[in-house]
Amino acid sequence: ALVSCFALSCYSSIINRTLKPFNPLLGETYELEIEGMRYISEQVSHHPPISSGHCETDTWIFYASVEVKTSFKGTYLQAKPYGALHVILKNTGDHFVWTKPYVNIHNIIVGTIYIDAFGTFEV
């Protein structure tokens with residue numbers, strides 16, 4: 001249940017996610033080390049955009065590689081993420097895998113931008 005909550009937590013800020021997303025350069029990395037956690041990610045392809053990340057603590061490991069394909073549908077932009085996200089619990093060896101549903105970004109030309117997530121979300 002806690003892993004499912006973690007997997008869904010990235011959608012908690014979807015209401016305020018209306019600015020241009022971070023778009024790193026090819027080979028650009030991001031690293032964070034704080035309170036026993038280390039995270040590193042890299043932009044491994046620019047066209048198509050593919051990002052990979054690895055995060056580890058004493059109790060769990062998270063890693064992912066996700067490609068996003070976008071298409072303009074006239075009144076909205078659709079973003080489809082491809083790739084799996086993984087969490088491994090070190091104390092039990094349990095391995096959880098999920099994929100992200102696609103999102104539609106509405107009113108990108110005129111009006112107030114808002115985002116809807118669609119599809120199946122299964123952990």
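This is a short talk about strands, a nonpolar core and a few unusual backbone spots in one structure.

Hi everyone, thanks for coming. Before we look around, please keep in mind that this is a predicted model.

Let's begin with the strands. β4, residues 60-72, pairs with β6, residues 84-89, and the two are antiparallel, with five bridges. If you want a place to put your finger, find alanine 64, which sits opposite leucine 85 in β6. On to β7, residues 95-99: β6 and β7 also run antiparallel, joined by five bridges. Here the pair to look for is histidine 86, opposite valine 97 in β7. β6 and β7 form a hairpin with five residues between the strands, and in that hairpin glycine 93 has a positive phi near 80°.

Now, which residues make up the largest nonpolar core? There are nine: Val3, Ala7, Cys55, Phe62, Ala64, Val66, Leu85, Val87 and Trp98. You'll recognise Ala64 and Leu85 in that list, the two that stand opposite each other across β4 and β6. Three elements give two or more residues to this core, namely α1 (2-8), β4 and β6. The biggest giver is β4, with three residues. As a reminder, in a regular strand the side chains alternate between the two faces of the sheet.

From the core, pick out valine 3. Setting aside neighbours within four places in sequence, valine 3 is in contact with Val87, Phe96, Trp98 and Val123. There is also a second, separate core of six residues, with Tyr11, Ile14, Ala79 and Ile115 among them.

Last stop, the loops. Where is the cis peptide bond? It joins histidine 47 and proline 48, with omega at about 0°. Proline 48 belongs to the loop between β2 (37-45) and β3 (50-56).

Two residues that are not glycine have a positive phi as well. Glutamate 35 has a phi of about 45°, and you'll find glutamate 35 in the loop between β1 (29-34) and β2. Is glutamate 35 buried or exposed? Its relative accessibility is 80%, so glutamate 35 counts as exposed.

The other one is asparagine 107, with phi near 60°. Asparagine 107 sits in the loop between β8 (102-106) and β9 (114-118). Asparagine 107 counts as partly exposed because its relative accessibility is 29%, and the partly exposed range lies between the buried cut-off of under 20% and the exposed cut-off of over 50%.

That's my tour, thanks for listening!

Notes. Residues are numbered from 1 along each chain as its sequence is written. This is a predicted model: local features need pLDDT of at least 70, side-chain atom pairs count only at pLDDT 80 or more; totals for chains, interfaces and linings use all residues. Side-chain values use heavy atoms; hydrogens and water are left out. Helices (H or I, at least four residues) and strands (E, at least two) are DSSP runs, numbered from the N terminus. Buried means under 20% relative accessible area, exposed over 50%, partly exposed in between (1.4 Å probe, protein chains only). Two strands pair if DSSP finds at least two bridges between them. A nonpolar core is a set of buried Ala, Val, Leu, Ile, Met, Phe, Trp, Tyr and Cys residues joined through side-chain atoms within 4.5 Å. Contact means heavy atoms within 4.5 Å.
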